[in-house]
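Okay, thanks everyone, let me get the picture up on the screen. I'll walk through a helix pair, then the packing inside, then the cysteines and a lysine.

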Amino acid sequence: MKIGIIGLPQTGKKTLFQILSGNEIKEPSKAFKPVPGSADILDSRFNKLVEMYEPKKDVRARIDLVLLPKMEAETISTGEIFKDIADMDAICHVVRAFEDDSIYHAQGSVDAKRDFEMVNSELIMHDQIFVEKRIERLEAMVKKIKDEDQQKELVLMNKLKDILEIEKPLRLIELTGDEEKMIRSYPFITRKKLVIAVNVSEVDLENEGFLSSFKQSCESQGMEAMLVSAKVEAEIALLDTQDEKDEFLEDLGIRHTALESLTRLCLKSLNLISFFTVGKDEVRQWLVKKGAKAPKAAGVIHSDLERGFIRAEVFKYNDLMEVGSEAELKKAGRIYVEGKDYVVEDGDVLNIRFSV
């Protein structure tokens, strides 16, 4: 899962990236280059499983984070930022909603909704330009040779153009499998899942009004939104112990850190769920598409497990927590043997049997 972090200058996106990834950016030359990082997915179920099994090794699922170049005239005019965004699975757009006289604003004033709509328009315009150029080329080719595949693509491109012309993102369109194949290699930006991170001051962290102002846009354009205070998150990161951090969060009334909120929304947007493998040697969290069957989940662990899949022994995380051990689950008949058609559910614990 690769998440690109974008935003206008002075929105706090670099601070947020540094907090999430633990990577400190010191070089000014990085301003126009993507900066890679990664972060563990925080899941309380994983913590409980580690406590229970006390494994030699524990491995959380991770997300790749990429801080993308500032959305300024230079990166927009050259198109470089759009090439970088096209490589992402999802986008986190950091929008400034905090007032600070010591930090300038590129537009002269703080207006989160205006900035959000401006960036959104740039993303839609990028896709619109691509579609219009592709239509011109297809029309020219179809005039020369009546190719059925090209004619089908031309119909699809006109459908996409109609959506973009009313300033709607392409993620709203339901495409068939064949249509998905036609555009799979194309650099469409608005097909990406989008999470809006509204960066507020400490006093506004519990101000739901900020999110409600984005609610209609998010619902109509297939986006998710979250409140975050990069300044507060930076202060939390400086604390030495987890107890201190938890106490600080409680004092401020913050239920989830920025990383917890971002990963939760990204998983939801990308339709991903977690499953686990457990034992004294290792406890590990894995991600798979919602609706995936057991062999596909086995393939996430290793391709050999999918290729030689025989069956999966499955039990539920909640059942394990309820009875306290695998031994008790067996007594209760709550460890199940499932075949190739079993659809993996969020929180499943799997033990794959295979033969290659």
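So, start with helix 5 and helix 6, the latter being residues 148-165: their axes come within 9 Å and cross at roughly 150 degrees. Anything over 145 counts as roughly antiparallel, and therefore that's what we call helix 5 and helix 6 relative to each other. As for handedness, the crossing of helix 5 and helix 6 is left-handed. And keep in mind that this is a predicted model.

Who meets whom along that pair? On the helix 5 side you've got, among them, Ile 124, Val 131, Ile 135, Leu 138 and Val 142, and the helix 6 residues they face as a group include Leu 154, Met 157, Leu 160 and Leu 164. There are polar and charged names in there too, including Asp 127, Glu 132 and Arg 134 from helix 5, and Gln 150, Asn 158 and Lys 161 from helix 6.

Okay, on to the inside. The largest nonpolar core has 32 residues, and the ones touching the most other members are Ile 85, Ile 196 and Phe 214. Which elements feed it? Two or more residues each come from helices 4, 5, 8, 9 and 10, plus strands 5, 6 and 7. Helix 5 shows up again here: with 4 residues, it gives the most to this core.

Zoom in on Ile 85 for a second. Leaving out anything up to four places away in sequence, Ile 85 touches Ile 6, Leu 68, Ile 91, Leu 123, Ile 189 and Lys 192. Apart from that core lies another, of 30 residues, with Leu 20, Ala 61, Ile 63 and Val 94 among them.

Now, cysteines. How many disulfides does a search of the whole structure find? It's 0. Cys 92 is in none, and its nearest cysteine sulfur, in Cys 266, sits 6.6 Å away. Cys 92 is also buried, at 1% relative accessible area.

What about Cys 218, why no bond there? Because the closest cysteine sulfur, the one in Cys 92, is 12 Å from its own, which is too far. Cys 218 counts as buried as well, with 7% relative accessibility.

Last stop, Lys 268. You'll find Lys 268 in helix 11, residues 258-269. Is Lys 268 buried or exposed? Exposed, because its relative accessible area is 55%, and the cut-off for that is over 50%. One more thing to look at there: Lys 290 is 22 residues from Lys 268 in sequence, and the two are 9.5 Å apart in space, C-alpha to C-alpha.

That's my tour, over to you.

Methods:
Residues are numbered from 1 along each chain as its sequence is written. This is a predicted model: local features need pLDDT of at least 70, side-chain atom pairs count only at pLDDT 80 or more; totals for chains, interfaces and linings use all residues. Side-chain values use heavy atoms; hydrogens and water are left out. A nonpolar core is a set of buried Ala, Val, Leu, Ile, Met, Phe, Trp, Tyr and Cys residues joined through side-chain atoms within 4.5 Å. Buried means under 20% relative accessible area, exposed over 50%, partly exposed in between (1.4 Å probe, protein chains only). Contact means heavy atoms within 4.5 Å. A disulfide is a pair of cysteine sulfur atoms within 2.5 Å. Axes are lines fitted to C-alpha atoms, for helices over the stretch in contact, and angles run from 0 to 180 degrees between N-to-C directions. Angles under 35 degrees count as roughly parallel, over 145 as roughly antiparallel, 65 to 115 as roughly perpendicular and the rest as oblique. A crossing is left-handed if the near helix is turned anticlockwise from the far one by less than a right angle, and right-handed if clockwise.
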